[in-house]
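Here's a quick briefing on a predicted model. Have a look at the chain below, then read on for a few of its helices.

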Amino acid sequence: MKRGHLLAVLLCAGCMLTGCSSFSPDVSGISIDKKGGITEVVREMFDESVYSKEELESQLGTEVAEYNAQAGAEVVKEKKLQIKDGVAVLKMTYASSRDYAAFNNLDFYSGDIIGAVQAGYMFEGSFYKVEKGTVDQSSSVWGSGIISGTNDRVAVFEGPLLVEVPGEIVYVSSNIQVTDKSTAVGSQSARGYVVYKE
């Protein structure tokens, strides 16, 4: 069972809270570093009457060990698990976005635009220009225009995830909410794109 499914079983006995490293958001999110590594923080309600912290740690430890054994290196690390006042906070690190996606069984990409297109991400729909953390709603650009422009970096993901990038956001797909110049949040179900310059 992938760790993403494990958390769905163990942590989602409650509901996901609304609303790396030093990355410590108030909601679940990830931070991408300049070398492509990922720090993940998961914050969710946790019912200790259903599962104990020890059971969760044991299962996570097993899955991390199995993944790293298959990878032939220690590419996934469980850094910290804390449970307080019914809230579980888990911090994980991943050597690459590929490890983050594979370990959690997610649709996720982080890298340059050319690599994203080669991986099958088509940049469909409208994108908005972002300057200093502010979205310009009057600057709608079709995704094909971004593909044919500069080869900036991009994070592609699904769901209501907070994503921190190692640079300044320059474009986002229309379903992304920008919270500051390097942080954005995806929508509930649609795939989102965050284009940035390092």
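Right after α3 comes Asn105, with a positive phi near 55°. Helices here are DSSP runs of H or I with at least four residues, strands are E runs of at least two, and both are numbered from the N terminus. Local features need pLDDT of at least 70 and side-chain atom pairs 80 or more, while totals for chains, interfaces and linings use all residues of this predicted model. Residues are numbered from 1 along each chain as its sequence is written, and side-chain values use heavy atoms, with hydrogens and water left out.

**Helix α3**
- Six of the eight residues of α3 (residues 97-104) are buried, so the rest of the structure largely encloses this helix.
- Those buried residues are Ser97, Asp99, Tyr100, Ala101, Phe103 and Asn104.
- Buried means under 20% relative accessible area, exposed over 50%, and partly exposed in between (1.4 Å probe, protein chains only).

**Helix α2**
- α2 has 19 residues (residues 53-71) and should span 27 Å at 1.5 Å a residue (times one less than the residue count), which agrees with the 27 Å between its end C-alpha atoms.
- Leu56, Leu60, Glu63, Val64, Tyr67 and Asn68 are the buried residues of α2.
- Seen down the axis, the buried residues of α2 fall within an arc of 130° (taken from the directions from the helix axis to the C-beta atoms), so they line one face.
- Glu54 and Ala69, on the other side of α2, are exposed.
- Gly72, just after α2, takes a positive phi of about 80°.

**Whole chain**
- The protein chain has five helices and 13 strands.
- Of its 198 residues, 47% count as buried.
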